[in-house]
Amino acid sequence: MRARLLLPLTLIASISLATGCATETTTSEPAWQSYLEFEQGLEKEGLYLDFEPYFTASAYADIAEADADDLPYVKGVLAYPWYFDEIFSHSEKPMPKGMCLTINGRTDRGDIGSLSIELLERSGLKMNDANLLFVDSMDELPSKAHCPEESRF
C-alpha cells in the first residue's frame, strides 16, 4: 500500500518541480524585446527605418526637427542598437511608467561601456532617454539595470 501511494506523490512532485523550473526560465523581458525589435528594423532598413515607432514624441523631436542634410547623422547617433559590436550582458527593471534597460558591451573601437535606456509605455515601450557611460575595465560595468539618470555623474 505504501509503495502505491509513493508513486503518485513522486510523480506529482516531479511534475511540480519541472513546471516550476520551466516557469522560472521563461521570464519575460519586455525592454530587451523592444531593443531587439529596433535592432531588427535597423538591420532590415538601416537609417531609412522610420524611428518614430521606437521613440516617445519628445525623444523623436531631434529626428523630426532635423533638416535633410543632418538627418542621417542624427539618426546614426540615435541608432543605439549599433553602439556595441559585442554585448556582454543586459538587465532591466520596472519603473512606474515603463522599464529601464542597461546593456553592457564593447564598441567597434574597443571601448567598454554601459548604455542605460529609459523606455516609457506608449502603446508599447518607446525609448525616452538614454545615457552611454564608458568605463576603464569590465569590473566597472553595472551588474544590474540602471535608469539613465542613475548612470549620470
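## A hairpin to start with

Let's begin with strands E1 and E2, which make a hairpin with two residues between them. They run antiparallel and are joined by nine bridges. To find one spot along this pairing, look for histidine 90, which sits opposite isoleucine 103 in E2. Keep in mind that this is a predicted model.

## The whole sheet

The hairpin belongs to an open sheet of four strands, ordered E1-E2-E3-E4 and paired antiparallel. At the edges you'll find strand E1 (86-95) and strand E4 (125-135), each of which pairs on one side only. Going from one strand to the next, the twist averages 15°.

Now for E2 and E3. Strand E2 covers residues 98-106 and strand E3 covers residues 112-121, and nine bridges hold this antiparallel pair together. Methionine 99, for instance, has leucine 119 in E3 as its bridge partner.

What packs on the sheet? Helix H2, residues 30-45, does, and it touches E1, E2, E3 and E4. The direction of H2 makes about 60° with that of E2.

## Helix H3 and its two faces

Next, take a look at helix H3, residues 57-64. Its buried residues are Ala59, Tyr60 and Ile63. Looking down the axis of H3, you'd see these buried residues fall within an arc of 90°, so they line one face of the helix. A bit of background helps here: an α-helix has 3.6 residues a turn, so residues three or four places apart point the same way.

What about the face of H3 turned away from the buried side? That one carries the exposed residues Ala57, Ser58 and Ala64. As for the buried residues of H3, what covers them includes helix H4 (71-78) and strand E4.

## How H3 meets H4

Two packed helices are described by the angle between their axes and the distance between the axes. For H3 and H4, the angle is about 145° and the axes are 9 Å apart. On the H3 side, the contact is made by Ala59, Asp62 and Ile63, while H4 brings in Leu71, Val74, Lys75 and Leu78. Sort the residues of this contact by type and you get five nonpolar, no polar and two charged.

## How far to trust it

The mean pLDDT of the protein chain is 86, with 82% of its residues reaching 70 or more. Where does pLDDT stay under 50? That happens over residues 1-27, and for this stretch the model has zero contacts beyond four places in sequence. Where pLDDT is low, the predicted coordinates should not be read in detail.

Methods:
Residues are numbered from 1 along each chain as its sequence is written. This is a predicted model: local features need pLDDT of at least 70, side-chain atom pairs count only at pLDDT 80 or more; totals for chains, interfaces and linings use all residues. Side-chain values use heavy atoms; hydrogens and water are left out. Two strands pair if DSSP finds at least two bridges between them. Axes are lines fitted to C-alpha atoms, for helices over the stretch in contact, and angles run from 0 to 180 degrees between N-to-C directions. Contact means heavy atoms within 4.5 Å. pLDDT is the predictor's confidence in each residue, from 0 to 100. Buried means under 20% relative accessible area, exposed over 50%, partly exposed in between (1.4 Å probe, protein chains only). The arc is that of the directions from the helix axis to the C-beta atoms. Ala, Val, Leu, Ile, Met, Phe, Trp, Tyr, Cys and Pro count as nonpolar, Asp, Glu, Lys and Arg as charged, and the others, Gly among them, as polar.
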